[in-house]
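Please find below some notes on helix packing in this entry. They are best read with the coordinates open.

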Amino acid sequence: MSGPSVWWPTPARPSRWFSQTELDAAARYNDPLRHSARLRDVARVALAVGAGLVLPEGRGLVEILTHTLVFAAAFWAPAAVTDAWFEFVHEPKFPSVVPRAGGSVPPAHFVVGSISTLVFTAVVIFVGLGSWIGVMGRTEFWPLVVIMVVVALGGFGRRSGASIARLTHGVEAADADLSGELREVAERAGVDVDSFGVVERSGHQPGSPMTGHNAFVAGLGNGHRVVLTAALAEASPSVRDHVVAHELAHVARRDLTVSTGAWIAAVAGAFIAGGWFGPALHDAFPALSELSALTFGAAIALALGLLPVAWLSRAHERRADLDALRLLQTADVEDVREAFVTDRADLRAVPRLGRLWASHPSPAERLELAHRALSRD
Ligand SMILES: [Zn+2]
């Protein structure tokens, strides 16, 4: 199987792979989520601009601290409010307030989760701002490097709900039948796996990476632990094996190491670029405080710097899909389709601009790629 290039997009034609009913169902689920993400972006920018205009200059540490908290709130508050709203409407988190079937997350979980997000975000932003100040002041370089790595890893962890959930959710050992089936897949992929597990179902937001047909690999070095979502553990063996083979392909290719390195480079580059671009922005718009200008400078540089990171990530995903098909000789396009259709993924083609920053190719594109790869066999 030589297959098409993984580095460039394959045309995405959703109507070829999904019925109108399936596309409509995906849209009904994903449109509100997309809408809330837009609202969140607008709220963040508005709060950041507001803070930049209101805060007086020249207060040193006081300004940094205030700015940090405003920024943390800007990141946290709109997300928490919109999430709470969707939970309230669709899948209530507060069964004691609105008694409806399906509510499983107690309010205390929501409060603790929100506070921990606020604290974590405040620390990450404070460290980030500190490093920009460091760039500006031309202070000792080595602490700056350490800070950048910490910020980069923090950002990496926040990118995926699954990354955090790995640490916080209970995992049950897979039964002997399931372990035996998956051990064969791991042996074919050439990855040493210590154990297989299934992540508990309760406490996950519907549509999150933890409720669909998904799996992840935990552990560094030689021993790995493969964890499946409950939905995937109950799926048909061919769908299950394809998703696990895809994840093992990432491990065999060391994709996570490469993408983490690329992410750190992009963040470090953004901080350095922000250090140069920020003052220019401050000169152009003197009403904006120096710190706000630095923040915006770095944010713009980061948005640009993450374009190649996302491009690399999409290439990794295409390659892992092809590896999985190659590994499981019996897998076909229908297995890939089945995983997406039952996953509440957005089946439509993502708008062009959104695709530039997307970590994964759209489902229709991945199906087209699988189809082309298999028909060239
Ligand atoms: Zn993947």
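1. A residue counts as exposed if 12 or fewer other C-beta atoms lie within 10 Å of its own C-beta. In this predicted model, Gly190 has 10 such atoms within 10 Å and is therefore exposed. Gly190 belongs to the loop that links H7 to strand E2 (193-199).

2. Gly190 also has a partner distant in sequence. Its C-alpha atom is 7.1 Å from that of Ala252, and 62 residues separate the two along the chain. Ala252 is one of the H9 residues in the contact of H7 with H9.

3. Helix H7 (residues 176-189) packs on H9 at about 35°, and the axes are 10 Å apart. The crossing of H7 past H9 is right-handed. From H7, the contact takes in Glu181, Leu182, Val185, Ala186 and Ala189. H9 contributes Pro237, Asp241, Val244, Ala245, Leu248, Ala249 and Ala252. By class, 10 of these residues are nonpolar and 2 are charged, with no polar ones.

4. Helix H9 (residues 237-252) also meets helix H12 (residues 333-341): their axes come within 9 Å and cross at roughly 85°. H9 is therefore roughly perpendicular to H12. On the H9 side the contact is made by Ser238, Val239, His242 and Val243, and on the H12 side by Asp335, Val336, Glu338 and Ala339. This contact comprises 4 nonpolar, 2 polar and 2 charged residues.

5. For the figure legend, both values should be given for each pair, since two packed helices are described by the angle between their axes and the distance between the axes.

Definitions and conventions: Residues are numbered from 1 along each chain as its sequence is written. This is a predicted model: local features need pLDDT of at least 70, side-chain atom pairs count only at pLDDT 80 or more; totals for chains, interfaces and linings use all residues. Axes are lines fitted to C-alpha atoms, for helices over the stretch in contact, and angles run from 0 to 180 degrees between N-to-C directions. Helices (H or I, at least four residues) and strands (E, at least two) are DSSP runs, numbered from the N terminus. Angles under 35 degrees count as roughly parallel, over 145 as roughly antiparallel, 65 to 115 as roughly perpendicular and the rest as oblique. Two residues are in contact if their C-beta atoms, placed from the backbone, lie within 7 Å. Ala, Val, Leu, Ile, Met, Phe, Trp, Tyr, Cys and Pro count as nonpolar, Asp, Glu, Lys and Arg as charged, and the others, Gly among them, as polar. A crossing is left-handed if the near helix is turned anticlockwise from the far one by less than a right angle, and right-handed if clockwise. A residue is buried if 20 or more other C-beta atoms lie within 10 Å of its own, exposed if 12 or fewer, and partly exposed in between; C-beta atoms are placed from the backbone.
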